[in-house]
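Here are some exercises to work through with the model open in your viewer. Try each task before you read its solution.

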Amino acid sequence: MSLLLESIRKSYREPGGRRIPVLGIERFEMKQGEQVALLGSSGGGKTTLLNIISGILTPDAGRVVVDGRDVAAMQEVVRDHFRAARIGIVFQTFNLLPAFTALENVLLGMSFSGKGVDKTFAKQLLERVGLGHRLNHSPQQMSVGEQQRVAVARSLANKPVLLLADEPTANVDPANQQLILDLIRDTCRDHNVTLLMVTHSLEVAGSFKRVEKLQDFNRPELCLQEQAT
Amino acid sequence: MNLLTIAWKSIRQRRLASSLTALSIGLGVMLMVLVLVIFGAVDSAFNQTSVGYDLIVGPKGSDLQLVLSAVYRMQPPIENLPYLFLEQMQKDPRVVSAVPLAFGDVTKEGSFPIVGTTTQYFENEYMPRRKFRIRGSRINGLFDTIIGSEVARENGWDQGSQFTIVHGGADSGHVHDEKFTVVAVLAPTGTANDRTVFLNLDGFYAIAGHGKPVNEIEKRLKDFYAADPERLVAALKQLEGVKAEEAAGSHDHHNHAHATPDAMKEISAILIKTDPDKPYLGVSLMSDLQTGYQAMAANPVRTIQRLMNGLIGNIQKALVALTAIIILVSGVGIFVSIYNSMSDRRREIGIMRALGAQRMHVFGIILAESALLCIGGGLLGWLTGHGIAIVASPWIVNQTGLLINPWALNVWEAVLFPVLVGLAVLVGFLPAMTAYRTNVADALSS
């Protein structure tokens with residue numbers, strides 16, 4: 001089992017003190033190397049779910065097991081380190097650092113894992129995504145599609161067991177959408193990386209063997225019921 | 001990629017703001033270095049090791065002016081002493097060595113002070129355990145001179161060079177007719193001797209216009225020896241011959257070197273060495289001079305210490321404090337610059353945290369940025385300060401007589417960089433805490 005979510009509860013407190021329930025997931029699991037497209041409406045809790053899986057947020061209750069370890073139970077420092085070493089993230093808005101070149105952005109992804117920086121592997125990753133000739137170019141000098149390819153290379157820099165992709169093709173022009181999608185899926189397949197991709201697009205989701213709708217297994221009202229009891 | 005590299009990237013991204021803040025620190029440090037270099041030179045020139053004599057004897061007046069004129073050659077002489085008093089000092093059992101100095105004139109080129117003295121001056125140590133090193137021959141002729149290293153360098157003079165001198169300081173305009181010849185050059189000493197032209201005392205008296213009318217000398221002797229009638233009578237007796245010559249109209253007091261009796265001669269100051277094992281002898285001599293003749297003795301070390309601890313020391317402290325405030329204000333500039341950038345960088349911090357950076361990592365990156373700006377700016381200022389000191393040292397020497405060692409390190413400079421690191425931590429702490437507390441999910445969604 002690569003990813004297991006169990007009895008996850010997450011709610012936010014409004015400024016007035018009222019709690020807004022976001023996630024109530026009894027069980028969700030993915031096998032090692034499995035690729036899942038997660039569909040969901042805007043504001044449905046998709047990004048919150050990815051943040052909880054990656055350890056950026058902690059759930060109010062429940063277990064988040066990645067590669068056999070409960071991320072939610074870890075201390076923050078351990079969780080940060082675990083995220084750096086075992087989880088890759090591809091953001092909708094790429095989130096490359098403008099002061100760094102393509103190569104440096106990938107190296108930055110390696111900097112916090114404790115494994116050390118492997119420049120050769122970083123170059124290989126960029127060559128793999130077709131940017132071997134743009135290693136020293138800054139994000140501003142690249143097209144949107146190229147920036148997202150750098151972000152994909154960065155997410156794989158630490159050889160993660162789990163890749164979380166948050167609508168990675170939403171801001172990419174149609175010509176590059178399929179390219180990016182194939183790149184992420186093929187790379188994950190080649191490295192046996194588990195892929196959970198959040199998307200709005202039915203077309204994108206349609207290419208996945210397993211498609212999950214968040215609303216099918218997310219019952220936010222469970223948060224309120226448990227509070228009441 | 002370590003934290004310093006990441007911090008450096010961030011600094012480079014904000015080139016203009018970073019350069020300006022580092023520059024402001026650099027300017028503060030540069031000013032402090034210049035203050036320290038200049039006051040270091042003042043301190044070195046005036047500290048006790050630069051004086052090889054225990055007492056300076058001169059006419060009654062300001063002891064500070066006496067020391068500044070006799071040792072540092074920065075002031076004109078107060079007045080003159082009778083030459084006979086030198087002989088009296090040389091015979092005093094408390095005195096190991098008494099060296100006469102006569103001064104007041106300067107060279108026409110460069111306005112370097114002319115000092116008439118005896119060979120004893122060069123045989124004595126000019127500083128404890130340091131003797132003069134002289135390149136050239138001994139003074140034989142009346143107008144032979146030994147020049148200091150700076151005089152030689154600035155005027156381009158060497159053995160055989162000839163020059164003229166101006167009477168009574170550079171502003172008097174009266175150039176003496178005599179031609180003086182350089183016969184030897186002193187090796188650098190780091191003292192006022194480097195900027196002095198030495199002349200045989202007899203030569204000094206032989207310069208036309210250095211003699212005074214016998215009536216004036218007589219009056220001066222009467223004033224000086226008012227409390228010692230016996231010596232006064234002996235002195236006045238020496239003047240009788242000159243008075244008779246003047247009465248006969250045959251005495252030329254503009255050129256009377258050959259037959260001049262000692263009573264007609266005057267000197268500006270006497271440098272005294274006493275027995276180092278009996279320091280109380282110097283105190284006793286000082287005390288005698290306070291009550292007896294129209295003369296006084298100044299302890300150069302104490303006089304200069306008083307000057308250093310009082311006026312100069314306080315000026316130095318005030319200037320160092322002022323430059324420290326400038327550095328502190330520059331530090332506040334760095335704080336404002338980094339702190340203002342934090343809202344723009346919130347997302348960057350969120351990205352790094354999402355990539356696995358711990359809170360302490362982003363805290364460290366901001367502190368490293370602050371440290372790079374403070375220390376980088378400080379290093380730039382330090383080098384610029386010493387660079388300016390190198391370029392300006394000849395001019396400072398020329399204007400003030402202070403010999404500047406542009407690379408001399410002051411103890412405050414050793415403290416400077418640890419202080420800059422402390423300043424970096426201080427000004428970087430609050431922005432670093434802002435980075436530390438950044439909510440990753442909020443920052444990524446912003």
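**Exercise 1: the parallel sheet of chain A**

In chain A, β6-β7-β8-β3-β9 is the order of the five strands of an open sheet, and their pairing is parallel. Strands here are DSSP runs of E with at least two residues, helices are runs of H or I with at least four, and both are numbered from the N terminus. Two strands pair if DSSP finds at least two bridges between them.

A word on the source: this is a predicted model, where local features need pLDDT of at least 70 and side-chain atom pairs count only at pLDDT 80 or more, while totals for chains, interfaces and linings use all residues. Residues are numbered from 1 along each chain as its sequence is written, with chains lettered from A and ligands numbered from 1 in the order in which they are written.

Task: find which strands stand at the edges of this sheet, then look at its pairing and the helices across it.

Solution:
- Step 1. The edges are β6 (87–90) and β9 (210–213) of chain A; each has a single partner strand, so one side of each has no neighbour in the sheet.
- Step 2. From one strand to the next, the twist averages 20 degrees (axes are lines fitted to C-alpha atoms, for helices over the stretch in contact, and angles run from 0 to 180 degrees between N-to-C directions).
- Step 3. Now take β7 (residues 162–166) and β8 (residues 194–199) of chain A: five bridges pair them in the parallel sense. Opposite L164(A) you'll find L196(A) in β8(A).
- Step 4. Add the helices. α1 (residues 46–54) of chain A lies across β3 (35–39), β6, β7 and β8 of chain A, at about 155 degrees to β7(A). Contact means that the C-beta atoms of two residues, placed from the backbone, lie within 7 Å. Helix α5 (residues 144–155) of chain A lies across β6 and β7 of chain A and runs at about 170 degrees to β6(A).

**Exercise 2: the antiparallel sheet of chain A**

Task: in which order do the four strands of the antiparallel open sheet of chain A come?

Solution:
- Step 1. The order is β2-β1-β4-β5 (chain A).
- Step 2. β2 (19–30) and β5 (69–70) of chain A are at the edges with a single partner strand each, so one side of each lacks a neighbour in the sheet.
- Step 3. β4 (residues 61–66) of chain A runs antiparallel to β5(A), joined by two bridges. There, V65(A) stands opposite D70(A).
- Step 4. α1(A) packs on this sheet too, touching β1 (3–13), β2 and β4 of chain A, and its direction makes about 120 degrees with that of β1(A).

**Exercise 3: helices and strands of chain B**

Task: work out where α9 of chain B bends, then which residues of α3(B) are buried.

Solution:
- Step 1. α9(B) bends by about 30 degrees at E240(B), the bend being the angle between axes fitted to the seven residues ending there and the seven starting there.
- Step 2. In α3 (residues 63–70) of chain B, the buried residues include L66(B), V67(B) and L68(B). Buried means 20 or more other C-beta atoms within 10 Å of a residue's own, exposed means 12 or fewer, and partly exposed is in between; C-beta atoms are placed from the backbone.
- Step 3. Their cover includes β1 (55–59) and α11 (300–354) of chain B.
- Step 4. For strands, β8 (residues 144–147) and β11 (residues 180–186) of chain B pair in the parallel sense over four bridges. I146(B) has A184(B) as its bridge partner in β11(B).
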